[in-house]
Amino acid sequence: MTTQGLPGGPGAAAVEARRALLSPGDRLRANAAAFGDKPALVFPVAGTREHRSRTFAELDAESDRYAAGFAADGIALGTRTVVMMPVGADLFAVIFGLLKLGAVPVIVDPGMGLRRMLRCYRAAGARAFIGVPAAQAIRVLRPDAFAGIRTVVTAGRRWCWGGATLSGLAATAADPPRPAIEAHDLVMISFTSGSTGSAKGVESTHGALAEMVRQAATHYRHTPSDVCLVTSLSFAFLHLLTGATCVVPEIDFARVADTEPAMITDLVRRYAVTAMFGSPALLDPLARHLDETGEQVPTLRLVVSGGAPVANEVVARLRRVLAAQQGRMHVTYGATEAVPIASIEAGELLDEVRPAGHSGGGTCVGRPVDGVDLRVIRATDGPIPDWTAVHPAAPDEIGEIVVSGPTVSRRYAGSAAANANAKIVEAERIWHRTGDLGRVDEQGRVWFAGRRSDVVRTADGPRYPVPCETVLDEHPEVRRTALVGVGDPGRQQPVVCVELRAGVPPTEQSRIERELRELAQRHEATRNLTDFRFHPAFPVDVRHNAKIDHGRLAAWAARTRTGGTRSRPRRSGTA
């Protein structure tokens, strides 16, 4: 099954990116020249409600000073550089300084834990390291993960280690080099969260970034007049490159689910925010807060959700809020390897496709965005060496989603095995295997059915998680469900893990279980599901705090007795 983004497919977009490539440094310089006194960043003063701003002219000048200092210290075109700094104005200036040289920042999500982080850094092959003192201490204590580092820069006070300081390099009185940067040159290495396997270093190119900026302007209508609330580092750079102002809230970017919705509402109102991206873990409490308090956010014209499936009730709440000011909400589907892949507007999601999802159709994630070619192939667990070995799925058949296009990463850093498992070669073209299962309907819309690794393999055939979960999640007292398999593949028994809404007492579990059984029997996707087990708090991914970890839930289910388990409370996020 095939579907492709609207006008100008991936080939045309790639040619255009090569013809008119503007590097990130060039874009920042252009933005500084066009509206230099406009705030580029609005960021919090720690421990207060106050914020400070940095204009585009200031960000451009500061990143120029860093670029000159980095160049004097040996960082150049193609130098892979670990950056370990907190999210803030200095981080953006440092990364833009590196990008102006054509150096390649290496970004790892600290929420994945130290052991995984060190494994990522070991695979990245970095030659330079920029970090705060705590990060430098990790580098000194674990030299095996940073064996290739030749240039060290400390952001803050330097202790027992060598190298330069960020403040010292910023004092360099020289103009930075301006190397010729090609579309195929690496722009950044960012790691997947590892929530569905080992974290992998995704290599992105300057051409891919240029295409993402174009998509942001065309698909989401981002313009320099926007004021964007930042809850994702990657989206922040897209906003800055389009010339928009970024408001950075004082949040833990590794635990966005803990964000206080009243604080987000206050920032939206105080700084007249027009657009924001958020994971469902952040948008759900925000939508409830706005619904319960009746607070208005009249400037907000666009909300984009991504990172995990978002409940229809969250979309409905936010749609009601945005409708008052003729705003829009988009639900996006993507991956670290391809951002975004598909998108759907809230109106179409709620008014046209919601009934099919509630009946077991899965989760509709919309149509592929302009420039992305998407196909569905017969799922297989082994590598697919080239396109001649691919078996296309039949129309409306569930299979593995594969994508190609200028925004799709062609390879992983330092992992031949990962590339063999996730990439398919077709002449000059590379297809990325998302590891996600889905189908494409007659209107060209993509329906997500779950991860390939999460399929329950029973004696009667495969059972796909998401089509089952979207049916059962409709119970009003259920926060979310997860279908997992217990036993050996091919003979697995399906188990439905159930997380109740806050405030529902455990004494109601027997009644809710009975009602879930009755609900399941009314739909083909869930018929004959009989094993329901109540879990206090589903484990989720570290990046968006929203994607359910089916593997950990399956291990938990294997340890519990069958039938309506009454779990003792556990700490949130554990299994």
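Of the contacts between residues at least 6 apart in sequence, what percentage join residues at least 24 apart? Hello everyone, that is my opening puzzle for today, and the answer is 67%. Before I go on, please keep in mind that this is a predicted model.

Let me start with the whole protein and then walk through some individual residues. The chain folds into 17 helices and 27 strands. Its radius of gyration is 24 Å, close to the 25 Å that the globule rule gives for 575 residues, so the protein is as compact as a globular protein of that length. If you lay the C-alpha trace along its principal axes, the spans are about 75 × 55 × 50 Å.

How much of the protein is buried? Buried residues account for 57% of the 575. The accessible surface comes to about 23800 Å², and carbon and sulfur atoms own 52% of that. As for charge, there are 68 positive and 61 negative ones, and their mean positions sit 4 Å apart.

Now to the residues, going roughly from the N-terminal end onwards. Please find Pro 39, in strand S2, which covers residues 39–44. Is Pro 39 buried, exposed or partly exposed? Its relative accessibility is 29%, so Pro 39 counts as partly exposed, the class between the buried limit of 20% and the exposed limit of 50%. Leaving aside residues up to four places away in sequence, Pro 39 touches Ser 53, Arg 54, Thr 55, Phe 56 and Thr 245. Look at that last partner: Thr 245 is 206 residues away along the chain, yet the two C-alpha atoms are separated by 5.9 Å.

A little before Thr 245 in the numbering we meet helix H9, residues 233–241. This helix is mostly covered, with seven of its nine residues buried. Which ones are they? They are Phe 235, Ala 236, Phe 237, Leu 238, His 239, Leu 240 and Leu 241. Here is a useful reminder for looking at any helix on screen: an α-helix has 3.6 residues a turn, so residues three or four places apart point the same way. Just after H9, Gly 243 takes a positive phi of about 95 degrees.

Next come some backbone details. Where is there a cis peptide bond to look at? Go to the bond from Val 339 to Pro 340, where omega is near -20 degrees. Pro 340 belongs to strand S16, residues 338–345.

Two residues other than glycine also have a positive phi, and I'd like to show you both. Ala 427 has a phi of about 55 degrees. You will find Ala 427 in the loop between strand S20 (423–426) and strand S21 (429–440), and at 74% relative accessibility it is exposed. Asn 528 has a phi near 75 degrees. Asn 528 sits in the loop between helix H16 (509–521) and strand S27, and it is exposed too, at 58% relative accessibility.

Let me turn to loop residues that are covered instead. Gly 405 is in the loop between strand S19 (399–404) and helix H14 (416–422). With a relative accessible area of 17%, Gly 405 falls under the 20% cut-off and therefore counts as buried. Gly 405 and Val 331 are 74 residues apart in sequence, and their C-alpha atoms are 20 Å apart in space.

Gln 492 comes next, in the loop between strand S25 (478–486) and strand S26 (493–500). Gln 492 is buried, at 13% relative accessibility. What does its side chain reach? A polar atom of the Gln 492 side chain lies 2.8 Å from the backbone nitrogen of Arg 457. Beyond its close sequence neighbours, Gln 492 touches Val 455, Val 456, Arg 457, Thr 458, Gly 485, Val 486 and Gly 487.

My last stop is His 535, in the loop between strand S27 (532–534) and helix H17 (550–559). Its relative accessible area is 4%, so His 535 is buried. The His 535 side chain reaches the backbone nitrogen of Ala 537 at 3.1 Å.

So, a quick recap of these loops: Gln 492 and His 535 are buried, whereas Ala 427 and Asn 528 are exposed. Thanks for listening!

Notes: Residues are numbered from 1 along each chain as its sequence is written. This is a predicted model: local features need pLDDT of at least 70, side-chain atom pairs count only at pLDDT 80 or more; totals for chains, interfaces and linings use all residues. Side-chain values use heavy atoms; hydrogens and water are left out. Helices (H or I, at least four residues) and strands (E, at least two) are DSSP runs, numbered from the N terminus. Buried means under 20% relative accessible area, exposed over 50%, partly exposed in between (1.4 Å probe, protein chains only). A polar contact is a pair of N or O atoms within 3.5 Å; within protein, one must be able to donate a hydrogen and the other to accept it, and residues adjacent in sequence count only if both atoms are side-chain atoms. The radius of gyration is taken over C-alpha atoms; the globule rule is 2.2 Å times the number of residues to the power 0.38. Contact means heavy atoms within 4.5 Å. Accessible areas come from the Shrake-Rupley method with a 1.4 Å probe; for residues, only the protein chains shown count as cover. Lys and Arg count as positive and Asp and Glu as negative; His and the chain ends are not counted. The place of a charge is taken as NZ of Lys, CZ of Arg, CG of Asp or CD of Glu.
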